[in-house]
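Here are my notes for you to read alongside the model. Keep the viewer open and find each spot as you go.

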Amino acid sequence: MLDTPAAIQGASSEDGGEVRVLRPKRAAPADIIRPTRAEVNLGHLRHNLHAVARSLGSNQCRIWGVLKADAYGHGAPAVARTLERANMHGFCVALLEEAMELRDAGIKAPILVMGGYFGPGLEGFEELVEQRITPVLYEPGHVERLATVLKGASRPQPFGVHLKIDTGMGRLGVRPEELATFMELVQRFPTIRIEGLMTHFARADEADTEFTGQQIQAFHSAAAVFRQHTSTTPLLHAANSAALLSTPEAQFDAVRPGIALFGGSGKSPALKPVMRVRTEIVAIRQLQTGDGVGYGQSWRASRPSLIATVPIGYADGLSRHMSNRGHLLVRGKRVPVVGAVSMDMTTIDVTDAPGSSIRDEVIVLGSQEGPLGKDEITTGELAEIAQTIPWEIMTTISRRVPRFYREP
Ligand SMILES: *Cc1c(COP(=O)(O)O)cnc(C)c1O
């Protein structure tokens with residue numbers, strides 16, 4: 001079903017440091033031939049974990065890293081191994097498939113499946129019980145099916161689950177007014193033990209915290225209903241990155257950072273970007289005034305211009321919104337994207353970046369220092385141009401771009 005974890009090989013980087021290469025599952029042999037790659041800095045990942053830990057009010061508060069969507073595009077197995085070694089308490093993913101990938105990669109820490117898709121006949125619960133993966137339940141059908149699966153399993157201990165409470169997101173979860181009935185159902189099955197209660201914030205990244213405050217109150221009320229029904233103390237967790245960093249009352253017993261672990265939008269000085277996307281110039285041509293570039297000739301030279309081609313396009317996750325609007329870095333300097341970003345290639349105007357030549361490194365995301373200066377392109381900048389959010393920028397760097405892991 002899922003591939004076994006790929007071999008890790010050594011390779012040397014330009015600055016002499018050791019770079020560890022996790023071969024991609026499907027893109028080989030592109031990692032050897034095309035110079036386009038995503039470098040994942042595992043030292044920065046650990047730095048961000050420590051920054052999150054420092055922002056917690058209580059050192060009893062646990063951190064459950066959110067590694068859905070292949071750890072936000074960074075490669076879930078390698079990220080999880082790094083965080084597990086750094087003593088992360090547990091992981092959250094959206095899908096059961098994602099949890100199984102982590103177990104296949106040897107991850108022993110608790111894994112919470114938050115999304116709640118367990119198959120049309122809820123077949124997924126069998127795999128889940130076998131692999132000791134913790135489900136988040138919110139439907140009576142989930143509870144009944146899990147109880148049936150547990151009847152057939154030889155488990156002396158009750159099986160731990162978390163419940164999701166919908167305090168205002170309006171997507172998934174038990175509505176607060178239905179919690180008492182739901183609890184009574186769960187309590188009919190002594191094989192199921194509710195270990196955690198979670199909710200999710202709809203507006204935690206806004207400056208106005210009023211709605212988040214209402215959700216926190218609703219979550220407290222749900223916890224009170226819970227306590228009326230049982231003497232066990234559940235782990236309460238609600239905060240995503242924005243909430244844990246901005247609202248101490250949202251921290252409860254555990255927090256669920258995702259984007260903060262990967263550096264956020266690039267605006268927080270405490271966090272370091274984990275991913276850097278780089279490529280190289282593969283061709284340069286001199287254009288005359290009036291010459292056009294790319295599909296539709298959407299850019300024309302207004303002066304004699306040096307145009308460089310880089311082998312990265314929208315199929316790699318470089319948004320077509322970058323056409324004639326975005327910038328990349330060459331020799332430490334920001335240069336404009338000219339013409340349309342195409343599927344596999346992008347053209348940049350290097351007329352004002354003297355000395356640019358074939359094989360020069362070009363940065364699409366991240367920082368670069370070179371003879372012409374030092375600059376950085378953040379997920380926040382790319383998101384603004386592509387009219388989206390940093391989460392989408394990270395998760396759409398495609399499979400075709402091999403991930404190289406840097407262990408400083
Ligand atoms: C994605 C997700 C998180 C993490 O969100 P960030 O904003 O990336 O920190 C936390 N909780 C749930 C339920 C999520 O789906």
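1. Let's start with a hairpin: strands E20 and E21 form one, with 2 residues between them. Keep in mind as you look that this is a predicted model. E20 covers residues 361-370 and E21 covers residues 373-377. The two strands run antiparallel, and 5 bridges join them. For a handy landmark, find Gln368, which stands opposite Asp375 in E21.

2. Next, look for a small group of strands that make an open sheet. There are 3 strands here, in the order E13-E16-E19, and the pairing is antiparallel. Which strands stand at the edges? They are E13 (283-287) and E19 (346-349); each has a single partner strand, so one side of each is left without a neighbour in the sheet. As you go from one strand to the next, the twist averages 30°.

3. Stay with that sheet and pick out E16, residues 305-310. This strand is joined to E19 by 4 bridges, and the two run antiparallel. Ile307 is a good place to check the pairing, as it stands opposite Asp349 in E19. While you're there, remember a general point: side chains in a regular strand alternate between the two faces of the sheet.

4. Now for the barrel. How many strands close into it? The count is 8, in the order E4-E5-E6-E7-E8-E9-E10-E11, and here the pairing is parallel. Try zooming in on E10 (residues 235-239) and E11 (residues 254-255), which run parallel and are joined by 2 bridges. In this pair, Ala239 stands opposite Val255 in E11.

5. On to the ligand, which takes up the space of the largest pocket. It is surrounded by 13 residues, and the closest are Lys68, Tyr72, Ser241, Gly258 and Ile259.

6. Which atoms does the ligand meet in its polar contacts? Let's go through three residues in turn. Arg256 has a side-chain N or O atom 2.9 Å from a nitrogen atom of the ligand. Gly258 takes part through its backbone, with an N or O atom 2.8 Å from a ligand oxygen atom. Trp391 uses its side chain, where a polar atom lies 2.9 Å from an oxygen atom of the ligand. How much of the ligand does the protein bury? Taken alone, the ligand exposes 390 Å², and the protein buries 92% of that.

Key
Residues numbered from 1 in each chain as written. Predicted model: local features only at pLDDT ≥ 70, side-chain atom pairs only at ≥ 80, totals over all residues. Heavy atoms only, no water. Pairing = 2+ DSSP bridges. Axes fitted to C-alpha atoms, helices over the stretch in contact; angles between N-to-C directions. Near = heavy atom within 4 Å. Polar contact = N/O pair within 3.5 Å; in protein donor to acceptor, adjacent residues only side chain to side chain. Areas by Shrake-Rupley, 256 points an atom, 1.4 Å probe, with all protein chains shown as cover. 1 Å grid on protein atoms, 1.4 Å probe; cavity = no way out; pocket = protein on both sides within 12 Å on 5 of 7 lines; lining within 4 Å. Sits in = over half its atoms within 2 Å of the grid points.
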